[in-house]
Amino acid sequence: MKQVVRGRFAPSPTGYMHMGNLWIAMLSYVSVRQQGGQWILRIEDIDRQRSQSSYTAGLLQDLDWLGFQWDEGPYQQSRRQSLYESVLQQLEAHNLVYPCYCSRARLHNVSSAPHLGEKRHPYDGHCRELSLAERDQLAKNKKPSYRLKVEDTRVQFLDAWQGLQTKNLKAGYDDFVIRRADGMWAYNLAVVIDDLVMGVTEVVRGCDLLDVTAQQIYLRNQLRAVCHQESASMVIHYKQAPVLLGQDGHRLSKRQHSVTIKDLRESGYTPAMVWSHFVEQVGLGKVLSERRRVHSLSDLLTLDLNSSLFKQEIIYM
Ligand SMILES: [Zn+2]
């Protein structure tokens, strides 16, 4: 039996919907619809400081207004914390995670100076081998974060747009945090659990996440051993899209005060005007198999997703 394609759009409600969100929403939607699959909407609102329910409401309103129809959801990660908690317990029971009591100052010192634009701060595995007595002692003064035990591994995956990716994970150094000391779940953990439990088979997102994909694949493989999910054997197909940048080289996020869908709607744009403006800005006209003006999301369903346009890392708007 042929596997049904299940894709998802998973925005964080930290601002109103902008062109960067629209880009990923559209690509994930078109890809799934072209394959006769299902599109899941998931709100990634575990960051309690930055997420706002008004932004969630805004995202849903904008998606609906622009013609997106989701088959499942919206799921909200903030309501799924007991699931994450139970997975953490299972990982702990299998000795796959450990508490880390390192101070921020210590972590800062062990991190080598990152290269320009690089966010990687390798850890040195300091808390991996603490004895139970040492842990008990440290626990009196500090709540720990939890790190996944990563073993020396080469992770390789084929990204449909960015090509073959290989990353070597190093034991101790790539032991990434899955729950922070303040109790907040790490992005990597929530994403991997949700994709697994929701039976996601295709991930379309920005290629700025290529770097964490290897960690996510590693974690997913670990979870297979501890969760008895039917979907655990599924392989995820990745399509990581070029990141849209403004002409000034800045990302089209809320922080750069870029124009939001809400702004456009309130200034009198119709959905048809938003789509035709968007297609022109990104230069999508040349990859539509039928050359015509785009007035709706359904006009984009003929987009040629094999075009070299999607193999770039950046598109300037
Ligand atoms: Zn530590």
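**Exercise 1. The hairpin of β6 and β7**

Work out how many residues the hairpin between β6 and β7 uses to join them, and whether β7 is enclosed or in the open.

*Solution.* In this predicted model, local features require a pLDDT of at least 70 and side-chain atom pairs count only at pLDDT 80 or more, whereas totals for chains, interfaces and linings use all residues. Residues are numbered from 1 along each chain as its sequence is written.

Step 1: strand β6 covers residues 153–159 and pairs with β7 in the antiparallel sense over seven bridges, where pairing requires that DSSP finds at least two bridges between two strands. Strands here are DSSP runs of E with at least two residues, helices are runs of H or I with at least four, and both are numbered from the N terminus.

Step 2: the hairpin passes from β6 to β7 through three residues, and within the pairing L158 has L164 of β7 as its bridge partner.

Step 3: a residue is called buried if 20 or more other C-beta atoms, placed from the backbone, lie within 10 Å of its own, exposed if 12 or fewer do, and partly exposed in between. Of the seven residues of β7 the number buried is zero, so the strand lies largely in the open.

Step 4: K167, which belongs to β7 (residues 163–169), is partly exposed, with 18 other C-beta atoms within 10 Å. Apart from neighbours within four places in sequence, K167 is in contact with V155 and A214, contact meaning that the C-beta atoms of two residues, placed from the backbone, lie within 7 Å.

**Exercise 2. The sheet of β4, β5 and β8**

Establish the strand order of the open sheet, and find which helix packs on it.

*Solution.* Step 1: the sheet has three strands, taken in the order β4-β5-β8, with antiparallel pairing. Its edge strands, each of which pairs on one side only, are β4 (97–100) and β8 (177–179). On average, neighbouring strands of the sheet are turned by 45° against each other, with direction ignored.

Step 2: β4 pairs with β5 (residues 145–148) in the antiparallel sense over four bridges, and V97 has L148 of β5 as its bridge partner.

Step 3: the helix that packs on the sheet is α3 (residues 81–93), which touches β4, β5 and β8 and whose direction makes about 100° with that of β4. Axes are lines fitted to C-alpha atoms, for helices over the stretch in contact, and angles between N-to-C directions run from 0 to 180 degrees.

**Exercise 3. Helix α6 and its surroundings**

Decide how many residues of α6 are buried, and describe how α6 crosses α7 and α3.

*Solution.* Step 1: eight of the 11 residues of α6 are buried, so this helix is largely enclosed by the rest of the structure. The buried residues are L189, A190, V191, V192, I193, D194, D195 and L196, and what covers them includes β2 (38–43), α3, β8, β9 (202–206) and α7.

Step 2: the axes of α6 (residues 187–197) and α7 (residues 210–226) come within 10 Å and cross at roughly 55°. That makes the two helices oblique, given that angles under 35 degrees count as roughly parallel, over 145 as roughly antiparallel, 65 to 115 as roughly perpendicular and the rest as oblique. The contact draws on N188, V191, V192, I193 and L196 of α6 and on V212, Q215, Q216, L219, R220 and L223 of α7.

Step 3: the axes of α3 and α6 come within 11 Å and cross at roughly 100°, and these helices are therefore roughly perpendicular to each other. Here L83, Y84 and V87 of α3 meet L189, A190 and I193 of α6.

**Exercise 4. Unusual backbone geometry**

Identify which residues a cis peptide bond joins, and locate N95, whose phi is positive.

*Solution.* Step 1: most residues other than glycine have a negative phi, and most peptide bonds are trans.

Step 2: the cis peptide bond joins G73 and P74, with omega about 0°, and P74 is placed in strand β3.

Step 3: N95 is not a glycine, yet has a positive phi of about 60°. N95 sits in the loop between α3 and β4 and is exposed, with 8 other C-beta atoms within 10 Å.
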